[in-house]
Structure formats: C-alpha cells, structure tokens
Amino acid sequence: MSGDSNCTRTSPSAGSLSDNEFLPDRPKYVCSLSPDLITKAREELQEKPEWRLRDVQALRDMVCKDYPSLGTCLDDAFLLRFLRARKFDYDRALQLLVNYHTCRRSWPEVFNNLKPSAIKPVLESGFVTVLPCLDPEGRHIVCIRPDRWTPSNYPITENIRAIYLTLEKLIQSEETQVNGIVILADYKGVSLSKASHFGPFVAKKVIGILQDGFPIRIKAVNIINEPRIFKGIFAIIKPFLKEKIANRFFLHGCDLNSLHQNIPPVILPEEYGGTSGKLDISAWNELLLASEEDFLHDFSQLVLPCDSSPQDMLRTVSSSDQVIRLLSGYNSKY
C-alpha cells in the first residue's frame, strides 16, 4: 500500500471530504448507528457525526505520511474502528493501528492462515463462544471456557486464534464499536498443568493485543471458578495492565450471586445460574464459519510490503516485557 492514489496528503479539514469522490474503489461509509447510539458515541467517544469523515481522512493522511509502507486497509469503516477505540484522538488511534499490524506480524503461529475453517476444532470444543443475548448496555458477552481444551489435541495458540477471530467478527458491528464487549471466563476444572501452557511469552502477547493492539472496548472481564493459583498470577500481571483495564476485572470465585451483579441472570445460560436455557455454541459457530469469505477479503488487505519490516513500524515500548520476567520467576516456584 504505497501508491500515490491511496496516499494523497490532504488537510484534515471539511474540504478533504471531497477526496473520497476520487477513490471509486474505496467503499463509501454509511452509518448504521441508531439515534441513541449516535448520542452515546458523541458523549462517550467524542464522535461528532458532522466531523466523522473529516476525522477519518485526518487519520488516513497520518498513515500515508508517517507509515506509507504499513500495508493497511484505508477504508472509512476500517479506520473508524481505531478512532472510536481511542475516542477520536488521532495520535492514539494511529498508534493503535500500528500496534494492530505489529502484533499480527510478530506472531506468525497465530496469524498465519487465520480463518474460521482453520480453527473449527476449537469452535466445536466450546472453548470460546458468544452468548446469544446482549446485556442491558447492548454489549455482547464473550464466554471463554479453558476446561474445554485438551492440550494434546492442539497447541494453546489455536485457542488464541479462535478468540481473535471472534473479536474480529464482533468488531465489524458499529454497535459493538460503541458499546464494547464483556468477557466471561470460566476456569472450572483448569489444572495447574493446563494453566502452565499460558506461560510468560503467551501472557505478554495476549496482554499486548488486548490492551494496545486491537480496536475493541473491553468493558468488563468476569472470572468465575478460578483456581487459587489464578489470584497469585493476576496479582503479578495487574501492575502491568492499564489502571482502567485492571479495574474492570472481577474475580467471583464460585459465587454466582456475585456474577449476577455484573451480568443479569436473564441473559446467562443455566450453567451460570441463568434463565436463558442451556449454553448453545452452535449458533455462533455457524455464524463465524459462514464468514470465511469475508475474513479472506478483509485480511487480504493487510499485507506486509516486501520493503518493510516490523521494526519500521514499532514506536512504543511496552511494560509487558517485564511480565515475562516476573511470570518466569513465579512459575519456577510452582
């Protein structure tokens, strides 16, 4: 992505809106938000509908000027994800976009051949799914169940691939871009030997992606049935999480009443004391697998140019490197 037709520098002003007229191959953005969500986006994300395309053009200009070899999609809808995730702060949105690509290019075990059909065994296991009902804030509930994973069947990176594709699918929705998501992680039956697969290297990578490398708003992480060792590990990781993210972790143990204070029973399956019936993973699996062609098209636009390297894009120094050293010491004690 280095052609002049894609990277014409324009002033981030209302006048630059006309530039889209000269880019016939770029899909024209059409807002799908309801009036209520437009208001919410204005109040929470500093998104002004009358300035939206101007802001997108400003980010596009910055990419073309500062990272002409990034190899990213420059469609309005794609760039808008990053602006919303960083409350329309141009510099922070640009850094998030760069981090997004850096994460993808620095972990080939996860991102090579990334498509729904490639992680079908993980989906069929029920390791990750999305509950059918939204919470009262309009947020999807991503349910993760590590006990459904058998390490001898495939490596832990396959689970991460499934989670990543789930997030990619969810973030296609403008409603999710505005409302964010909630994570429900059930650690019932997770042994120490299974937990050991989530070592320092994997921990660093996952923290880097979820915290600084993906355009999604994680509004809450509810942990239930966590083993005793989890609290010790979390105590080590917590200082390296941003304060806002760390404060959104809730450890409920086996107390379903505590969980229900964060997620109402009416949208939870029976397995978690809810009233929405048995947990059914089939609907989400079918939706994700049916999106194969969409993913192939979207990911085909995220190409690393032959004359660039990840080092050309990196500008941030993350404290997550320190997680490796601390977790290594922690694991050695157990």
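Arg 217 is buried, with a relative accessible area of 12%, where buried denotes under 20% relative accessible area, exposed over 50% and partly exposed the range in between (1.4 Å probe, protein chains only). The model is predicted, so that local features require pLDDT of at least 70 and side-chain atom pairs count only at pLDDT 80 or more, whereas totals for chains, interfaces and linings use all residues. Residues are numbered from 1 along each chain as its sequence is written, and side-chain values use heavy atoms, with hydrogens and water left out.

The side chain of Arg 217 meets that of Glu 44 in a salt bridge, at 3.7 Å from N to O; a salt bridge is defined as a side-chain nitrogen of Lys or Arg within 4 Å of a carboxyl oxygen of Asp or Glu. Arg 217 is located in the loop between helix H10 (200-212) and strand E4 (218-224), and Glu 44 in helix H1 (residues 35-45), so the pair ties together parts that are 173 residues apart in sequence. Helices (H or I, at least four residues) and strands (E, at least two) are DSSP runs, numbered from the N terminus. Glu 44 is partly exposed, with a relative accessible area of 32%.

In total, the structure holds 13 salt bridges. One of them joins Glu 168 and Arg 81, whose closest N and O atoms are 4.0 Å apart. Since Glu 168 belongs to helix H7 (residues 156-171) and Arg 81 to helix H3, this pair ties together parts that are 87 residues apart in sequence. Glu 168 is buried at a relative accessible area of 3%, and Arg 81 likewise counts as buried at 13% relative accessibility. A salt bridge is also formed by Asp 212 and Lys 242, with 2.8 Å between the closest N and O atoms. Here Asp 212 in helix H10 is linked to Lys 242 in the loop between helix H11 (228-237) and helix H12 (243-246), 30 residues apart. Lys 242 counts as partly exposed, at 37% relative accessibility. In addition, Glu 47, Arg 52, Arg 84 and Glu 174 are linked in a network of salt bridges.

Two members of this network, Arg 52 and Arg 84, also take part in the contact between helices H2 and H3. Helix H2 (residues 52-66) packs against helix H3 (residues 76-85) at an angle of about 90°, with the axes 9 Å apart. Axes are lines fitted to C-alpha atoms, for helices over the stretch in contact, and angles run from 0 to 180 degrees between N-to-C directions. The two helices H2 and H3 are therefore roughly perpendicular, a term covering 65 to 115 degrees, with angles under 35 counted as roughly parallel, over 145 as roughly antiparallel and the rest as oblique. The contact (heavy atoms within 4.5 Å) involves Arg 52, Leu 53, Asp 55, Val 56, Leu 59 and Arg 60 of H2 and Asp 76, Leu 79, Leu 80, Leu 83 and Arg 84 of H3.

The structure further holds eleven aromatic pairs, in which ring centres of Phe, Tyr and Trp (its six-membered ring) lie within 6.5 Å, with planes under 30 degrees apart counted as stacked, over 60 as edge-to-face and the rest as tilted. Among them, Tyr 164 and Phe 214 are edge-to-face, at 5.2 Å centre to centre and 75° between the planes. Both Tyr 164 and Phe 214 are buried, and they belong to one aromatic cluster with Phe 78, Phe 82, Tyr 100 and Phe 111.
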